[in-house]
Every structure is written in C-alpha cells, then in structure tokens.
Amino acid sequence: MKRSKSLDDLQPRAWKTAPRWSIVVFLLAAFFIFASFGFVFDGMDMGRQSALCLAFSVVIIALFAMSYAVAGITLRRRFWIPAVPLLIFENVCMALLHYWLPEAPPLTHLDSVQLNGFHNRLVFDGLAVVISIVLGYSGFVVVSVSESRRRLRLELDKAALDTELAAAREIQRLMVPEELPPAPGYAIESIYRPAAQVGGDFFQVIPLGGGQTLVVIGDVSGKGLSAAMIVSMLIGMLNIISRISQDPAQILAELNNRLYERKHGGFVTCLAVRLDPTGRVVLANAGHLPPWLNGSEIAFAGSPPLSIVASAAPEQVTVEMRPGDRLTLITDGVVEARDAQGALFGFDRTQALMRQETSPLALAEAAIRHGQDDDLTVISILRTA
C-alpha cells in the first residue's frame with residue numbers, strides 16, 4: 001500500500017522552492033551569529049589564543065553551525081542522523097587546531113604592556129561579537145521579510161486558484177447533467193470520469209418538440225480550465241441552436257461556424273444524435289468516435305472536427321432501433337486508457353464489453369482499472385418501446 005507523505009517528507013521540497021539568494025543569506029546569517037561564539041570564547045579564555053588560532057576557531061564554529069542548520073531544515077526530525085557525526089568531526093577539528101596552534105600559558109600577573117594588549121584583545125572580541133550579531137540578525141530579518149512576502153503571494157495565488165476552481169466546478173456541473181430528462185421510448189444512462197478536476201469531455205441531453213430528444217457528446221482539445229471554458233460556451237450555443245434547428249447535421253454545422261469565428265485555437269470533436277419516439281435515430285458526426293449499435297460500429301465516411309475549417313458539412317446517418325437495441329456513445333478516453341506497460345484498452349476490448357451489454361458504469365470502470373489517461377464518457381441509449 002502506498003504510504004502518504006508527511007510534512008517531514010515534503011519539507012526538503014519546500015526548502016528547494018526557496019529562492020537561491022534567500023538560502024545564501026540565511027546560511028550567512030547563521031554563519032555570523034555563531035561566529036560570535038568564537039569571539040566570546042576567546043574573551044573568556046583571556047585572549048590566550050593566537051590570532052591565527054582565533055580565526056580558524058571562528059570559521060570552524062560558524063561552518064559547522066551552518067551544517068547543523070542545513071541538516072535541521074532539510075531533515076527535520078531526522079536531523080540527528082548527520083548531526084552526531086558532524087559534532088564528533090567538529091570536536092576533532094577543534095582538538096587538532098589547538099594541538100597545532102597551542103594557547104599561551106596562563107598569566108600569573110600582567111605588566112602594563114600585557115594589560116594593554118589584553119584590553120585591546122577584549123575590545124576587539126567585543127566589537128567582533130557586536131558586528132557578527134548585527135550581520136546575522138540583519139540577514140535573518142531580510143530572509144524573514146522576503147519569505148513572508150513570498151508566502152503572502154502564494155496565498156493570494158492559491159486564493160485566486162480556489163476561485164477559478166469554484167468557477168470550474170460550476171462549469172463542470174453544466175457539462176455533466178445531474179439528472180437526465182426523460183426520452184420517450186428510450187432509457188438513457190451515462191457516466192463521466194474526468195482525468196483532472198475539470199475535463200474537456202461533455203455531453204447534453206436536450207428535449208426537443210414532438211417527443212424528440214437530442215443527445216450530444218463531445219471532446220474539447222486540451223484539459224483543465226481552458227477546455228472547460230470552451231465547453232461552457234458550447235453548451236450555451238447548443239441550447240440556442242437546438243431551438244432553431246432539430247437536424248443534427250445542421251446543429252453541428254452551426255456550432256462549427258460559431259466556433260470558427262471565435263478562433264479559440266483548438267478543436268472539438270462532436271457527435272449529435274436525435275432520438276425519435278418511433279425508433280428512428282438520426283446521427284451526425286464531426287470528427288468524433290463513431291457510435292456503436294448492439295456492439296457494432298456505425299460507419300461514417302468521416303468529417304473534420306469543429307473549428308478546423310470554415311464551412312464543414314458533418315455527415316449524417318439514419319438508423320432504426322428496435323426494442324432492446326442499445327446505442328453506445330463514448331469518448332476516446334475509453335479506448336485510449338493505458339496501463340503501466342503502455343498497452344491501450346483498445347477498440348477490441350471495448351467492443352467485447354459492449355456486446356456483453358455492459359452498463360456504462362462497468363465499461364468506464366474497466367477502462368479506469370486498465371489505466372485512465374484522459375477524460376472518459378460513456379452514454380448508453382436503450383430502446384425500450
């Protein structure tokens with residue numbers, strides 16, 4: 001079973017997202033803060049270290065402090081894994097340093113020259129401590145202000161994204177009808193599974209006059225919010241055009257004209273089906289996967305998708321459905337489902353399930369188990385009377 005990532009697992013990634021300059025300033029700030037310890041220790045030791053030993057001591061203490069900071073930030077609760085060997089190595093370095101550059105022996109009394117030198121050394125250590133602390137805390141303040149601003153920008157971006165996703169969910173509601181209207185003489189079932197939060201597949205079931213019903217299924221090129229916006233525009237157009245014409249080919253042709261005028265930069269595959277109460281079914285296809293009647297594909301000569309050419313004439317086919325016949329409409333997300341080895345779900349497997357009169361939900365779940373790679377939609381239209 002896959003383990004969910006904890007905050008500690010995600011922390012190194014958060015460290016990597018920080019600006020490079022911010023990381024450098026933070027580490028330099030840690031360097032200067034802990035460098036002050038070296039000067040404090042020198043003052044406590046009566047300035048008996050040589051200048052060279054003092055310089056090396058300060059650098060060693062500060063560098064190892066930076067190492068502890070990196071370990072703590074990147075590894076969080078597991079910081080002790082590198083901290084223990086680092087601590088040992090630091091003590092070894094300090095021991096070797098004092099072995100090679102030993103301190104002066106303790107002074108029993110000070111003459112005026114020695115007293116003046118000791119006074120100057122303490123003044124130097126004091127100034128060095130002040131300067132180190134000021135530089136260190138200045139660096140921390142700069143990083144803190146910068147990261148606060150960056151966090152604020154991220155929160156504002158997240159709020160904007162949440163607003164967009166709320167709009168997208170509303171669009172999603174339009175794309176997928178919550179309840180299908182009744183179609184006299186037919187039973188319609190549907191299933192829709194987007195690959196992301198918002199997909200490019202859509203379908204609509206629109207009642208027409210005289211007991212007729214229009215079923216439209218389509219796929220907008222691309223994914224995400226941009227595709228969803230195109231879908232919302234298409235649905236609005238469909239509801240307007242279906243009040244003017246009930247001919248599937250004319251509906252798709254008018255959709256094409258309106259989309260082409262807007263030059264949205266993509267294309268839309270679309271299949272329109274008009275169901276007559278008598279069992280007569282009229283289908284028009286614009287670059288979409290052909291429908292399947294009782295598990296057999298209904299052949300179309302082929303028409304380009306919408307928004308590709310200015311004046312397209314989608315091919316129209318008429319079939320008769322008898323009671324018990326099933327018409328199935330799908331999007332390419334079903335046949336293009338891909339497993340870990342790259343094998344497609346394919347038309348043969350899809351056709352075999354259709355001939356078993358598999359429900360839309362079962363067909364969609366079979367494709368999802370195989371490995372969903374795109375939005376998928378399945379609509380089943382059963383002739384009941």
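This tour moves through a predicted model, one selection at a time.

**The whole chain**

Begin with the full chain, whose 385 residues include 43% that are buried, and colour it by secondary structure to see the 10 helices and 10 strands. The accessible surface comes to about 20,700 Å², and carbon and sulfur atoms hold 62% of that area. Of the contacts with a sequence separation of 6 or more, 72% join residues that are 24 or more positions apart.

**Helices H3 and H4**

Next, select helix H3 (residues 51–75) together with helix H4 (residues 80–100), and look along their axes, which come within 10 Å and cross at roughly 175 degrees. An angle over 145 degrees counts as roughly antiparallel, and H3 and H4 are therefore roughly antiparallel to each other. To see the contact itself, show side chains on both helices: H3 contributes residues including Cys53, Phe56, Ile60, Phe64, Tyr68 and Leu75, while H4 contributes, among others, Pro82, Leu86, Phe89, Glu90, Met94 and His98. Sorted by class, the contact of H3 with H4 has 16 nonpolar, 3 polar and 1 charged residues.

**Tryptophan 21**

Move now to helix H2 (residues 20–44) and select tryptophan 21 within that helix. With a relative accessibility of 43%, tryptophan 21 counts as partly exposed. Setting aside neighbours within four places in sequence, the residues in contact with tryptophan 21 are Val142 and Ser146. A distance drawn from the C-alpha atom of tryptophan 21 to that of valine 143 should read 9.2 Å, although the two residues are 122 apart along the chain.

**The largest nonpolar core**

Which residues touch the most other members of the largest nonpolar core? Select Phe202, Val220, Leu234, Leu252, Leu255, Val268 and Leu306, which hold that position within a core of 25 residues. Then add the elements that give two or more residues to this core, namely strands E2 (201–207), E3 (213–220), E4 (268–275) and E5 (280–286), along with helices H6 (224–244) and H7 (248–262). The largest share, 8 residues, comes from H6. Centre the view on leucine 255 and show Leu234, Met237, Leu238, Ile241 and Leu306, which leucine 255 touches when residues up to four places away in sequence are not counted. Apart from this core lies another, of 23 residues, and Val215, Leu283, Val319 and Ile379 are among its members.

**Threonine 328**

Ile379 also leads to the next stop, since it is one of the residues that threonine 328 touches. Select threonine 328 in strand E9 (residues 326–330), where its relative accessibility of 8% means that threonine 328 counts as buried. The other contacts to display, again leaving out residues up to four places away in sequence, are Pro291, Trp292, Met354 and Val378.

**Two loop residues with positive phi**

Most residues other than glycine have a negative phi, and the next two selections depart from that pattern. Asparagine 294, which is not a glycine, has a positive phi of about 55 degrees, and the residue is found in the loop between strand E6 (292–293) and strand E7 (296–297). Serine 307, likewise not a glycine, has a positive phi of about 75 degrees and belongs to the loop between E7 and strand E8 (315–320). Are these two residues buried or exposed? Asparagine 294 is partly exposed, with a relative accessible area of 38%, whereas serine 307, at 11% relative accessibility, counts as buried.

**Glycine 346 and glutamine 372**

For the last stop, select glycine 346 in helix H9 (residues 346–355), a residue that counts as buried at 17% relative accessibility. The C-alpha atom of glycine 346 is separated by 9.3 Å from that of alanine 367, with their positions 21 residues apart along the chain. Ala367 is also one of the contacts of glutamine 372, which include Arg193, Pro194, Ala195 and Ala337 when neighbours within four places in sequence are left aside. Glutamine 372 sits in the loop between helix H10 (360–371) and strand E10 (376–383) and, at 28% relative accessibility, counts as partly exposed. Finish by drawing the C-alpha distance from glutamine 372 to leucine 344, which is 9.9 Å for a pair 28 residues apart in sequence.

How values were computed:
Residues are numbered from 1 along each chain as its sequence is written. This is a predicted model: local features need pLDDT of at least 70, side-chain atom pairs count only at pLDDT 80 or more; totals for chains, interfaces and linings use all residues. Side-chain values use heavy atoms; hydrogens and water are left out. A nonpolar core is a set of buried Ala, Val, Leu, Ile, Met, Phe, Trp, Tyr and Cys residues joined through side-chain atoms within 4.5 Å. Buried means under 20% relative accessible area, exposed over 50%, partly exposed in between (1.4 Å probe, protein chains only). Helices (H or I, at least four residues) and strands (E, at least two) are DSSP runs, numbered from the N terminus. Contact means heavy atoms within 4.5 Å. Axes are lines fitted to C-alpha atoms, for helices over the stretch in contact, and angles run from 0 to 180 degrees between N-to-C directions. Angles under 35 degrees count as roughly parallel, over 145 as roughly antiparallel, 65 to 115 as roughly perpendicular and the rest as oblique. Ala, Val, Leu, Ile, Met, Phe, Trp, Tyr, Cys and Pro count as nonpolar, Asp, Glu, Lys and Arg as charged, and the others, Gly among them, as polar. Accessible areas come from the Shrake-Rupley method with a 1.4 Å probe; for residues, only the protein chains shown count as cover.
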